[in-house]
Amino acid sequence: MRDDSRIAIVAVGYNRPASMRRLLGSLQEAQYDYDGIPLVISIDQSGTDDVARVADEFCWQHGSKKVLRHSDRLGLRNHIISCGDLTEQYGAVMILEDDLYVSPDFYNYAMQALEKYGSHPRIAGIALNTRRELLESPYPFFPLHIGYDVFFQQFASSWGQIWNRRMWMDFRAWYNAHQTLPDSVNVPLTVLHYPDTSWAKFYQTYVVEQDKYYVFSYDSLTTNFGDAGEHFSHSSAAFQSVLFYGKKEYRMPGFDEGVKYDIYGEPVGLGQYLGVPDEELTCDFWGRKREESYKKYLLTCCRRPYRKIRQYSMCMKPLELNVIRQIPGNEMTFYDTEERESGFHPDKKELFRFLEYGYGVLNGRDLLRWAIEKLRQKIRGEL
């Protein structure tokens, strides 16, 4: 059997033996339609042997096991980069950091998705994790569902991802030439401000600059325990996703007919419903994009100082359905950014409309209690 006939699972650890034990346990208990699955446990140098002992004692029943102990401290970014380089040996790798936990069907999904999209030049990776929140935003994400089990987004997931040799070598060539990130790429500022130990900010910037996408399942195949580690000072359940706990054959569209979103979680391709070219349209429903990135036309739920062309409701979920179905209203506006509006006034009720849309009827008392508790935690240094 060739090394690249199966996706190699790469479990990534540093100094959290309990986390690694939990991840490996979930891998062992998953349901596999395939045999001969390579498992690589890659351990960065932490000065202790605790994680290595967990790896050595673990009995992998679904294929070969290899433990990589790095003699020098790599740091998270270089560690993940080294794991991506394993595509040269295995053909395709699945990267799982030790604070993750997998769905029983995670591997079967991964193999089906790689078979479908592995050779497509616009696909830069396959995500195993799906969250219901927009990137660095309090608002929930409702992706449009048209009958398939996956959609596409210009976002590089770091909570379980698959790369084959083609995907990785394309990124690797770009990464080698971009050790300093280009400021001109339209990605959220929070991405550019990720710590230097983050590999994800490079991959996310690459995906946007090269106009590529990740494949996402509507049902999450991993969840994250948010264990304290290199990027978080304390453990948190805030990173948990709704884990798919069943088994199925996945319905996967061709790339052209699939639902697509940009790195902000904004829909791609609404120009046809507005009568304008997509290359002249910026969709910024939640007002998170920089104004200098706006194109000739703007579609947003925020008040902006431009000429209004027409307006829509923001009642339906997801928001783009209000445009697709031409639902009239005055909460979402289609603007011409080349003409300024005189006498502009911001909408003071905008935040409340967003919260109501995302979370339903707001309980003011509970919201106040939540805000007070968060403030107390910040004062105590817990946030």
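Buried means under 20% relative accessible area, exposed means over 50%, and partly exposed is anything in between (1.4 Å probe, protein chains only). You're working with a predicted model, where local features need pLDDT of at least 70, side-chain atom pairs count only at pLDDT 80 or more, and totals for chains, interfaces and linings use all residues. Residues are numbered from 1 along each chain as its sequence is written, and side-chain values use heavy atoms, with hydrogens and water left out.

**Exercise 1. Warm up with accessibility**

Task: Decide how Gln-326 should be classed, and say where it sits and what is unusual about its phi.

Solution:
- Step 1: Gln-326 has a relative accessible area of 40%, so it goes down as partly exposed.
- Step 2: Find Gln-326 in the loop between α10 and β15 (332-340). Helices (H or I, at least four residues) and strands (E, at least two) are DSSP runs, numbered from the N terminus.
- Step 3: Gln-326 isn't a glycine, yet its phi is positive, about 55°. Most residues other than glycine have a negative phi.

**Exercise 2. Size up the whole protein**

Task: Work out why the protein can be called as compact as a globular protein of its length.

Solution:
- Step 1: Start with the parts list, which is 12 helices and 15 strands.
- Step 2: The radius of gyration is 22 Å, close to the 21 Å that the globule rule gives for 383 residues, so the protein is as compact as a globular protein of that length. Here the radius is taken over C-alpha atoms, and the rule is 2.2 Å times the number of residues to the power 0.38.
- Step 3: For the dimensions, the C-alpha trace spans about 70 × 50 × 40 Å along its principal axes.
- Step 4: Now look at burial: 52% of the 383 residues count as buried.
- Step 5: Finish with contacts (heavy atoms within 4.5 Å). Among those with a separation of 6 or more, 73% come from residues 24 or more positions apart.

**Exercise 3. Follow helix α8**

Task: Explain why α8 is described as largely enclosed, then zoom in on Thr-205.

Solution:
- Step 1: Helix α8 covers residues 200-209, and 9 of its 10 residues are buried, so the rest of the structure largely encloses it.
- Step 2: The buried ones include Phe-202, Tyr-203, Thr-205 and Tyr-206.
- Step 3: What do they pack against? Their partners include α3 (76-84), β6, α6 (165-176) and β9 (213-217).
- Step 4: Thr-205 belongs to α8, and its relative accessible area is 0%, which makes it buried.
- Step 5: Leave aside neighbours within four places in sequence, and Thr-205 still touches Trp-174, Leu-181, Pro-182, Val-185, Val-187, Val-191 and Leu-192.
- Step 6: Walk on to Asp-211, in the loop between α8 and β9. Its phi is near 55°, a positive value in a residue other than glycine, and Asp-211 is partly exposed at 36%.

**Exercise 4. Pair up the rings**

Task: Find how the rings of two aromatic pairs are arranged, and which parts of the chain they join.

Solution:
- Step 1: Rings of Phe, Tyr and Trp (its six-membered ring) pair if their centres lie within 6.5 Å; planes under 30 degrees apart are stacked, over 60 edge-to-face, and the rest tilted.
- Step 2: The whole structure holds 40 aromatic pairs.
- Step 3: Tyr-109 and Tyr-250 have ring centres 5.1 Å apart and planes at 70°, so they are edge-to-face. Tyr-109 is in helix α5 and Tyr-250 is in the loop between β10 (222-224) and β11 (260-261), 141 residues apart.
- Step 4: Both are buried: Tyr-109 is at 0% and Tyr-250 at 8%.
- Step 5: For Phe-142 and Tyr-357, the centres are 6.1 Å apart and the planes at 75°, so this pair is edge-to-face. Phe-142 lies in the loop between β6 and β7 (150-153) and Tyr-357 in helix α11 (residues 350-359), so the pair ties together parts 215 residues apart in sequence.
- Step 6: Phe-142 is partly exposed at 28%, whereas Tyr-357 is buried at 7%.

**Exercise 5. Spot the cis bond**

Task: Say which form the peptide bond from Lys-317 to Pro-318 takes, and where Pro-318 is found.

Solution:
- Step 1: Omega is near 0° for the bond from Lys-317 to Pro-318, and the bond is cis.
- Step 2: As background, most peptide bonds are trans.
- Step 3: Pro-318 sits in the loop between β14 (306-312) and α10 (320-324).
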